[in-house]
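Hi everyone, thanks for making time. I'd like to walk you through a structure that's new to most of you, so let's put it up.

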Amino acid sequence: MPEAALHVGSGKVRELYALDDDRLLLFASDRISTFDVVLTTEIPDKGRVLCGLSAFWFARTDEICPNHLLAVRADGRSMECTRLEMLPIECVVRGYLAGSGWKDYMRTGAVCGHELPAALRESDRLPQPLFTPATKAEEGHDENIDLETAAGLVGADRLAEVQATALSLYRFAAAHALERGIVIADTKFEFGVDGGGTLVLADEAFTPDSSRFWPADEYSPGGPQPSFDKQFVRDYCESLGWDKAAPGPALPEDVVVGTRARYVEAFERLTGIGFDRYIDDPDVVLR
Ligand code: PZK
């Protein structure tokens, strides 16, 4: 892995290293999580797909918002990034009613303080995309918060900037993805602020780990939708009657191969670039 880099953090499937005072290295492993548990079986090239997709979106959204990407390393799974002061909120945008948004709507008729029309169904497209911030939980699940609470955490002016930026990013990517057969139902951004006070998009962007990707040709609101990337894994785990406690089951070879193919398909559809070309030269997604 990175030479002479200090390990500074772990996500469920990623690692963060310090390169120097100004730069970090974000390493995307091939680990996969399902039902909040990291499985023992890896999906070959999953980390490369996610790193490549993030880099692709960073390159294409630079005019909407500057981002932390400095370089993609030759391994195709490591990003050199600008070190930022991170905002203490998760910036979620929802275009469709799923996950905790659907749960909140069923309970209260609203999502993060946004009142919604009555009689929406699970997975329905929303009248307009919603900015639904959440707290960053050290452990367990992020908690949805209303805009007032979010403003208390980052300031009203910064929140307004983050909301407008997040909605612009989502509209851009969701339209691009839909033309290529993928519904981006929702997505989560993390933003930071650089030394000059400029808002900068950080972390990963529009990957299947930070977003809900649905196959557009199977979209059928009124219930949950299949996941573009993880459905084979979920179906296999459900078929076992696993209690969803760690460590989780090992995956059989056909589930691994099928899941790898779905990640590669997502990459190729969204980027229009052959995955082999990315492996050959990761900078191909930046051009
Ligand atoms: C940062 N994380 C979350 C992600 C992990 C942890 N550009 C940045 N500057 C400063 N801090 C961060 C970033 C970014 N991105 C991100 N924690 C800090 C995280 C992936 C793996 F272990």
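Let's start with Phe35, which sits in the loop between β4 (33-34) and β5 (37-38). Helices (H or I, at least four residues) and strands (E, at least two) here are DSSP runs, numbered from the N terminus. Phe35 isn't a glycine, yet its phi is positive, near 45°. Is Phe35 buried or exposed? Neither, really: it's partly exposed, with a relative accessible area of 29%. For those words, buried means under 20% relative accessible area, exposed over 50%, and partly exposed in between, with a 1.4 Å probe and protein chains only.

Quick word on what you're looking at: this is a predicted model, where local features need pLDDT of at least 70, side-chain atom pairs count only at pLDDT 80 or more, and totals for chains, interfaces and linings use all residues. Residues are numbered from 1 along each chain as its sequence is written, and side-chain values use heavy atoms, leaving out hydrogens and water.

Asp203 is another non-glycine with a positive phi, about 60°. You'll find Asp203 in the loop between β15 (199-202) and β16 (211-215), and at 12% relative accessibility it counts as buried.

Now the sheet. Five strands make an open, antiparallel sheet, in the order β1-β2-β3-β7-β6; two strands pair if DSSP finds at least two bridges between them. At the edges are β1 (6-10) and β6 (69-72), each pairing on one side only. Four bridges join β1 to β2 (residues 14-18), and Ser10 has Glu15 in β2 as its bridge partner.

Last stop: a cis peptide bond between Ala246 and Pro247, with omega about 5°. Pro247 lies in the loop between α5 (231-240) and α6 (253-271).
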